[in-house]
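Here are some short exercises to work through with the structure open beside you. Try each task before reading its solution.

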Amino acid sequence: MGDSRSRRVLAPVLPRRIVKHKPAMAVSLVDGPLAAWQVRNAEATIPHCIEQLAVSGVIDNFRRLIGGSDADFRGFVFADSDLYKTIEAVAWEIGRSGTDRFDVWLDQTIGLIAAVQEPDGYIDTWIQGVDPQKRFAELDWTHELYVMGHLIQAGVALKRCADRDDLLLLCRRTADLLVATFGPGGRDGICGHPQIEMALVELFRVTGRRTYLDLAKRFIDQRGHGLLKAGRFGAEYFQDHLPVRQSGTAVGHAVRQLYLNSGATDVAVETADIALLTAMDAQWESVHQRKMYVTGAFGAHHQDEGFGADFELPPDRAYAETCATIADLQWCWRMLLAGAGAGPGAYAAVIEREIHNALAASIDRSGKKFFYSNPLQRHPDDRAHENAPVTRQSWYDCACCPPNIARTVAQLGSYVATFTEDTLWIHLIAGCRIELPTELGGGSVTVDTTYPLAGRVRIRVNNLSASEQYLAVRLPGDAVCNVLDHKGDLLLVPNCCDDEVKPSADAYRRLPLVDGAVYLVDLDLAPRLVRAHPRVDAVRGCVAVMRGPQVMCLEQVDLPAGLTVDDVVMVGAPTPIGRNDDDRLDSASIYVRTVRSPAELYPLMGAEDDADCQSPVEANSLPVTIHPFASWGNQEAGAMRVWLPHQ
Ligand code: FUB
Ligand code: ZN
């Protein structure tokens, strides 16, 4: 007889139900910081990107191929993708506002792309103009499929948002060439930088052509079999070290890993591939429970723009590339739509963290200056590192981030809500109007709020013709939340909703969707302290202050002369500035006191340290104002820190 463990009956592993949330396409952001950001994106960021495409040489790289420019090729091998991402931003902006102000530019640009595209559908200005011998020959580094993936995403967005077919037609030529070259019966090969996978799935969705999905699946299946030359960072850099279904740990170049995960999730959903989705569940935990910065940023290593080990999250040496946050946002959204394992609240909470922190910090108030790298601490004597200047820049030699920001901001509204059979789900609290699909009885829901500037939220249901429908609103679980009906009576609202929603800090409240109903929610925005997992060694003994979804930071400019951000310890708890319903102030107040600066680098522990720890909290402490990390550096360039030593 064996011991009891060997006789234990294990439950059979059942395929998990893939619950699909449908994206609610018609969401307009009308009020609050996200709406204002979209307007600034349209008025400043997108025109700035268009201008920089000309200044940086990207447009000339196309024109020189048809005799329109004598200039040499400029930029990195993947510079074409800057143009395609900008076109995508324009497409989403047309969808948002209906603008025609970019139409002339679009007509000219699509004409240029058509003229440069070869008869067989090939297009890549670096290969065509600099080294034609390398066509599909060095997929590890040439980025050809990555660049074509961005072209396809732009074409799909223009079709969806502006009902324009011209770019989509060019995309199909390129995709058909890829199917003929790399599809079944063709050669083996994957791109060193994942991206094409999700683009092909999107092209399948918009055209219905199955071969595009099959090719995306083939690219996923071929990864992890050593097709790429390992290079100086090894196979992990390209996520080519293990088959995707066996790889549960995020490694290597962060943007590559997160774009790969987005494409793999798309393929899993469209092919009902449970093994692939299960691998994505493991990846998701690896990324978000062990490798994410509190600001929703990713990548601890500069050298390979890559993930570090578990819990290796140094705030000052964070690489935290803007594109990695964007890539993760795209992936979380796909996991949410897929009904994947962590539950919608977990995915939405990460998306909210990313939008209000790392993504928001990557751009300045003018909408024309950007961070590529978003560390959580700047020392007073910090120097610029490659791609990590101390102030936001107008553009970069490697300009992947700015147009990525533009296309993401233009589509922010689409991350707000989804619907399932009888329920409208609101995942992000933002001032908006949501047109209900006919499946839910038409009509609309308006959300009046300037959250997270103020905590008041008023939700109204308009012109609904159906009954027995529900509204599931994600309200942060650690915030005080009272839901009142339109007469001001307190409603007892159960936590949502069915077995799809796991218990989590971010619960959904289930409300009946009734025509004319008005719900009032008060979210408590009092600043609160968070600490990191004890294994995040770099910030042990430190706290971060959060106000709603916003991470706060202490800036040099807010300290009195003679004191630096590296010389203070926070004492006690933070206090709010302004009222909860006051949207003019998004700062908080903390008390800090100075750390004595010893003469030696490594003094012996002694009585002076003990005295420091024992003196009352109020002694020698002074109040200072802290502001959201999202807006740091907007007052004045200088030192900054999110994590504060705390006593
Ligand atoms: O390689 C293309 C893009 O350039 C990557 O996603 C970024 O990390 C930057 O290296
Ligand atoms: Zn980037």
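Ala137 is a gentle place to start: Ala137 is partly exposed, at 48% relative accessibility. Keep in mind throughout that this is a predicted model.

**Exercise 1. Place Ala137 in the fold, and say how far its C-alpha atom is from that of Gly189.**

Step 1. Find the helices on either side. Ala137 sits in the loop between α6 (125–129) and α7 (139–142).

Step 2. Judge the accessibility. Buried means under 20% and exposed means over 50%, so the 48% of Ala137 makes this residue partly exposed.

Step 3. Look along the chain and then through space. Ala137 and Gly189 are 52 residues apart in sequence, and their C-alpha atoms are separated by 9.5 Å.

**Exercise 2. Describe the coordination of the zinc ion (ligand 2) and work out the geometry of its donors.**

Step 1. List the donors. Glu321 contributes an OE atom, while Cys323, Cys400 and Cys401 each contribute SG, at 2.1 to 2.3 Å from the zinc ion (ligand 2).

Step 2. Check the angles. Four donors count as tetrahedral if all angles lie between 85 and 135 degrees. Around the zinc ion (ligand 2) the four donor atoms subtend 96 to 117°, so the arrangement is tetrahedral. For comparison, the ideal angle for four tetrahedral donors is 109.5 degrees.

Step 3. Read the donors along the chain. Their spacing is E-x1-C-x76-C-C.

Step 4. Ask how accessible two of the cysteines are. Cys400 has a relative accessible area of 6% and is therefore buried; Cys401, at 0%, is buried too.

**Exercise 3. Work out how α12, α13 and α14 are arranged, taking the helices in pairs.**

Two packed helices are described by the angle between their axes and the distance between the axes.

Step 1. Begin with α12 (residues 254–271) and α14 (residues 322–338). Their axes come within 8 Å and cross at roughly 20°. Angles under 35 degrees count as roughly parallel, so α12 is roughly parallel to α14. The crossing is left-handed. Residues of α12 in this contact include Leu258, Asn261 and Thr265, and those of α14 include Cys323, Trp331 and Met335. Cys323 is also one of the donors to the zinc ion (ligand 2).

Step 2. Go on to α12 and α13 (residues 274–290). Here the axes come within 9 Å and cross at roughly 150°. Since angles over 145 degrees count as roughly antiparallel, α12 is roughly antiparallel to α13. This crossing is left-handed. Among the contacting residues are Leu258, Asn261 and Thr265 of α12, together with Leu277, Met280 and Val287 of α13.

Step 3. Finish with α13 and α14. Their axes come within 12 Å and cross at roughly 135°, which makes α13 oblique to α14. The crossing is left-handed. The contact includes Leu277, Met280 and Trp284 of α13, and Trp331, Cys332 and Met335 of α14.

**Exercise 4. Decide whether Glu352 is buried or exposed, and name its contacts.**

Step 1. Locate the residue. Glu352 belongs to helix α15 (residues 344–361).

Step 2. Apply the accessibility cut-off. Glu352 has 7% relative accessibility, so Glu352 counts as buried.

Step 3. Leave aside neighbours within four places in sequence. Glu352 then contacts Leu428, Tyr451, Arg474 and Pro549.

Step 4. Follow one of these contacts, Tyr451. Tyr451 is joined to Pro452 by a cis peptide bond, with omega about 5°. Pro452 lies in the loop between β7 (444–448) and β8 (456–462).

**Exercise 5. Examine the backbone and the accessibility of His143 and Phe311.**

Step 1. Recall the usual pattern. Most residues other than glycine have a negative phi, and most peptide bonds are trans.

Step 2. Take His143. Its phi is near 65°, a positive value. His143 lies in the loop between α7 and α8 (144–162) and, at 7% relative accessible area, is buried.

Step 3. Take Phe311. Phi of Phe311 is near 65°, again positive. Phe311 lies in the loop between α13 and α14 and is buried, with a relative accessible area of 10%.

**Exercise 6. Find what Asp558 touches.**

Step 1. Asp558 is in the loop between β16 (550–555) and β17 (568–576).

Step 2. Apart from neighbours within four places in sequence, Asp558 contacts Val624, Thr625, His627 and Gln635. The C-alpha atoms of Asp558 and Thr625 are separated by 6.4 Å, with their positions 67 residues apart along the chain.

Key. Residues are numbered from 1 along each chain as its sequence is written. Chains are lettered from A and ligands numbered from 1 in the order in which they are written. This is a predicted model: local features need pLDDT of at least 70, side-chain atom pairs count only at pLDDT 80 or more; totals for chains, interfaces and linings use all residues. Side-chain values use heavy atoms; hydrogens and water are left out. Donors are N, O and S atoms within 2.8 Å of the metal (3.2 Å for Na, K and Ca); water is not among the atoms, so sites may look incomplete. Four donors count as tetrahedral if all angles lie between 85 and 135 degrees; four count as square planar and six as octahedral if opposite donors are over 155 degrees apart and all others between 65 and 115; anything else is irregular. Buried means under 20% relative accessible area, exposed over 50%, partly exposed in between (1.4 Å probe, protein chains only). Axes are lines fitted to C-alpha atoms, for helices over the stretch in contact, and angles run from 0 to 180 degrees between N-to-C directions. Helices (H or I, at least four residues) and strands (E, at least two) are DSSP runs, numbered from the N terminus. Angles under 35 degrees count as roughly parallel, over 145 as roughly antiparallel, 65 to 115 as roughly perpendicular and the rest as oblique. A crossing is left-handed if the near helix is turned anticlockwise from the far one by less than a right angle, and right-handed if clockwise. Contact means heavy atoms within 4.5 Å.
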